[in-house]
Each structure stands twice: as structure tokens, then as C-alpha cells.
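Trainee: I would like a close look at a single part of this model. Please take one strand and its surroundings, and explain the terms as you go.

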Amino acid sequence: MPNKEPFFIGWAKKPPRALWPFLFFVSAVLVGGMGGMAFSLSASVDDPGDGRFAGRAMLMGVIEAKPYPLLRLPPDDENPEARAILLSGPGKRGVQNSADPLSGKPVLAMGAMLKRGTIDMLQVNGRGVQALSAEKVGELTNFRPAPAEDLGRWRLVGEICDGKCYQGAMRPSSGLAHKACANFCLIGGTPPVFVSTAEVQGSTFFLLADQDGNALPETVTDLTALLIEIEGVVEKRDNLMIFKIDLDQAKVM
């Protein structure tokens, strides 16, 4: 008697009808399993946040070189309060060399704006930061940046990131996946920021400095992308929080 059991023939145009339910079940399990795996992987990735490039800008303000280059801006039509923004150069570079000789003076800075949370950054274009011409200085004659406000000593838990990529220049901008990129930026002079799990006056973003208000030592690269606990003094310059710390006292969580 001939064998009437259905079996699969690779070169056949379609499988035997008796095998259709089995093949449909296997296909559904495979597709569903791969979809579930894709969802699990995507759900486990950190939210890259709302950091973004926000158009080009030409800004006039007073530059401060310490702890890292800042531009103190007077109130204007869009911003009724004075504000302080971070400065960086193109690529993985800072603008310390341009800022140092102009510290405390009115300047013109042009470039692309980066925005995230309570911190703004201007990526200065190739022309760098320039001293204001005589006719433009008059527009800032009455502007004097307010002194820093001491907010006391705080113990915070969070992560050290580079201020440019975290602002939105690269994604992801936190965690171990970003450590090498962040360290290249910090070595090149990009301002480091501390992203805290707790707020200080509504802000979880802090520019970092050492205890004396200067730039951090190169050992900061040992602590990027790690959850740490550290204590220091918080001061406020306009809308910008600055966290003055001793890296040697940091505790990895």
C-alpha cells in the first residue's frame, strides 16, 4: 500500500494541506517571540532625553573662563531674566584658549544652540569667541553679571557626563555605552555636567568644578558613566547650577 502520510518536499510549490496548521503555529510563535524580544530590548534602553540642536544664534554677553567657559547673558525680549550658558567648540573641543584672555569682558559668540533641561550650551563656530567692537560694547554698558549665590553643601547621587553630548549632540549621552565618547569630549575641554537623581531648587543638571571653583582634574574620566555619591557646595549663577566637588571623595554606588 502506498504511504499516505503527508511530508514536506522542499521543491514543492506549497506544503501538504495537513501540515498547514502546524506550520502556521510555528510561524506565529517565531514572529511573536522575535517581536517580544525586540520590545524587551527597546524597553531596556535608557531614554535619550529631549536634548537637541535648537538652531543657530549670535549672542552678546560677558564671558567667564572659570570653571569652564560660560557666557553670561542680559535679559532680553524672550528671556526676562539673566542667564548663563555653557560654551563648547566644534567636535570634541572646548573654547578655553579663546575664553581665558577675554574673561570678564563683553564678547560676541556665534554658533549652534544645544538645549536640555535647565542647561543651555552654545557650540561656537570656527571663528570662536570674539571681543565686541567699540560700537557694540555700548549695548552691554549697563549689564553687570550678578554674583554667584551660595546654596550650601549638598550630598548628591548621580552620573558625570560631558556637557555637549548630554545636551543632545550625541545619543545616548549617558551610561557605559557613552563612556569612551564622553571621556574624549572631557579631555578635549568640553564642560562636565553632573546629572543628579535629586533636585536642588528644581534643577537636576549641574556644571562641575573643583572645590576652588576651577576645572576638574583629568581623573574625572575615571568616574564618568558610573552612579556615584558625592558631596560638595552648590552655587547658582543666574539660572545655572554649579556643583563644586572633591573627586577623591566620590563613592561608586
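Mentor: Start with a definition: a residue is buried when its relative accessible area is under 20%, exposed when over 50%, and partly exposed in between, using a 1.4 Å probe and protein chains only. A second one concerns the elements: helices (H or I, at least four residues) and strands (E, at least two) are DSSP runs, numbered from the N terminus. The model is predicted, so local features need pLDDT of at least 70 and side-chain atom pairs count only at pLDDT 80 or more, while totals for chains, interfaces and linings use all residues. Residues are numbered from 1 along each chain as its sequence is written, and side-chain values use heavy atoms, with hydrogens and water left out.

The part to look at is β3, residues 83-88. Six of the six residues of β3 are buried, so the strand is largely enclosed by the rest of the structure. The cover is on both faces: Arg83, Ile85 and Leu87 are buried on one side, and Ala84, Leu86 and Ser88 are buried on the other.

Next come the neighbours of β3 in the pairing. Two strands pair if DSSP finds at least two bridges between them. β2 and β3 run antiparallel and are joined by four bridges. In this pair, Leu73 has Arg83 of β3 as its bridge partner. β3 also pairs with β5, in the parallel sense, over three bridges. Here Leu87 stands opposite Leu122 of β5, and Ser88 has Gln123 of β5 as its bridge partner.

β5 covers residues 119-131. It pairs with β4 (residues 106-116) as well, in the antiparallel sense and over nine bridges. Lys115 stands opposite Asp120 of β5. β4 and β5 form a hairpin with two residues between the strands, and Gly117 in this hairpin takes a positive phi near 55°.

After β5 the chain enters a loop that leads to α3 (134-137), and Ser133 is in that loop. Ser133 is partly exposed, with a relative accessible area of 31%. Its C-alpha atom is separated by 9.4 Å from that of Pro106, although the two residues are 27 apart along the chain.

On the other side of the pairing, β2 (70-73) is preceded by a loop from β1 (52-64), and Pro67 is found in this loop. The peptide bond between Lys66 and Pro67 is cis, with omega about 0°.

Two residues elsewhere can be set beside Gly117. Gln201 is not a glycine, yet it has a positive phi of about 50°. Gln201 lies in the loop between β7 (192-200) and β8 (203-210), and it is exposed, with a relative accessible area of 53%. Ala225 is not a glycine either, and its positive phi is about 65°. Ala225 is found in the loop between β8 and β9 (228-237), and it is buried at 12%.

The last topic is the cysteines. A disulfide is a pair of cysteine sulfur atoms within 2.5 Å, and a search of the whole structure finds zero of them. Cys165 is in no disulfide, as the nearest cysteine sulfur, that of Cys185, is 3.8 Å away. For Cys161, the closest cysteine sulfur is in Cys165, at 9.7 Å, which is too far for a bond. Cys161 is buried, with 2% relative accessibility, and Cys165 is buried with a relative accessible area of 2%.
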